[in-house]
Amino acid sequence: RYSGLDIELQAAGDLPHHLVEDVAIVLGLAIADEVPTSAARYGSALIPMDEALAEAAIDVGGRPYYVGKLPAKLYTHFLHSFATNLGATLHVRVLRGDDTHHMVEAAIKATGMALRQALVDGGVVFSTKGSVTIERLD
């Protein structure tokens, strides 16, 4: 919702960790296939959620990297797997909060809002190197 993408996803798994990781991988790969060649590339957002405050900054320019720590390891792992498979650099910080749910929710919403900005088609390749394309063979 916060990314502005229309995605329907169904998943089932054996363990919560595997399920969350697999969803992050598939989601990252699916969005990677939809990044416009002339995407704005960068996005950032600061989101309050009651007492919690989180920010995210993303670059969908093809360099996978994740920096961030959420108060729940599983969600940190989700964002790391998502960024890696999207081919994005993603930085997430929880600036304050007491409620784990609020901190995680603010971080995920900030990531979605930052992604929304980054995926806007700006009409030109936002890089001094030009565009890089990757073709996957079946």
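1. Let's start with how α1 and α2 cross: in this predicted model, their crossing is right-handed. The two helices pack at an angle of about 30°, and their axes lie 7 Å apart. Angles under 35 degrees count as roughly parallel, so α1 is roughly parallel to α2.

2. Which residues make the contact between α1 and α2? On the α1 side, they are P16, H17, V20, E21, V23, A24, I25, L27, G28, L29, I31 and A32. On the α2 side, you will find L74, H77, F78, S81, F82, N85 and L86. Sorted by class, this contact has 13 nonpolar, 5 polar and 1 charged residues.

3. Next, please turn to α2 and α3. These helices pack at an angle of about 15°, with 11 Å between their axes. The pair is therefore roughly parallel as well, and the crossing of α2 and α3 is right-handed.

4. The contact of α2 with α3 is worth tracing residue by residue. From α2 come Y75, F78, L79, F82 and L86; from α3 come V104, I108, T111 and L115. By class, 8 of these residues are nonpolar and 1 is polar, with no charged residues. While you have α2 on screen, note that F78, F82 and L86 appear in the contact with α1 and also in the contact with α3.

5. The three helices meet again around a pocket. α1 (16-32), α2 (73-86) and α3 (100-119) each supply at least two residues of the lining of the second largest pocket. Which helix gives the most to this lining? That is α3, with 6 residues.

6. How much space lies in the second largest pocket? The volume is about 520 Å³. Its lining has 18 residues, and R1, L27, F78, I108 and G112 lie nearest the centre of the pocket. By class, the lining divides into 13 nonpolar, 3 polar and 2 charged residues.

7. A handy way to tie the picture together is to follow three of those central residues back to the helix contacts. L27 is one of the α1 residues in the contact with α2, and L27 lies among the residues nearest the pocket centre. I108 belongs to the α3 side of the contact with α2 and is likewise in that central group. F78 of α2 takes part in the contact with α1, in the contact with α3, and in the group nearest the centre of the second largest pocket.

Terms used
Residues are numbered from 1 along each chain as its sequence is written. This is a predicted model: local features need pLDDT of at least 70, side-chain atom pairs count only at pLDDT 80 or more; totals for chains, interfaces and linings use all residues. Side-chain values use heavy atoms; hydrogens and water are left out. On a 1 Å grid over the protein atoms alone, a cavity is a set of points where a 1.4 Å probe fits but cannot get out, and a pocket is an open set with protein on both sides within 12 Å along at least five of seven lines; lining residues have an atom within 4 Å of a point. Grid points are joined across faces, edges and corners, and a volume is the space filled by probe spheres set on the points. Helices (H or I, at least four residues) and strands (E, at least two) are DSSP runs, numbered from the N terminus. Ala, Val, Leu, Ile, Met, Phe, Trp, Tyr, Cys and Pro count as nonpolar, Asp, Glu, Lys and Arg as charged, and the others, Gly among them, as polar. Axes are lines fitted to C-alpha atoms, for helices over the stretch in contact, and angles run from 0 to 180 degrees between N-to-C directions. Angles under 35 degrees count as roughly parallel, over 145 as roughly antiparallel, 65 to 115 as roughly perpendicular and the rest as oblique. A crossing is left-handed if the near helix is turned anticlockwise from the far one by less than a right angle, and right-handed if clockwise. Contact means heavy atoms within 4.5 Å.
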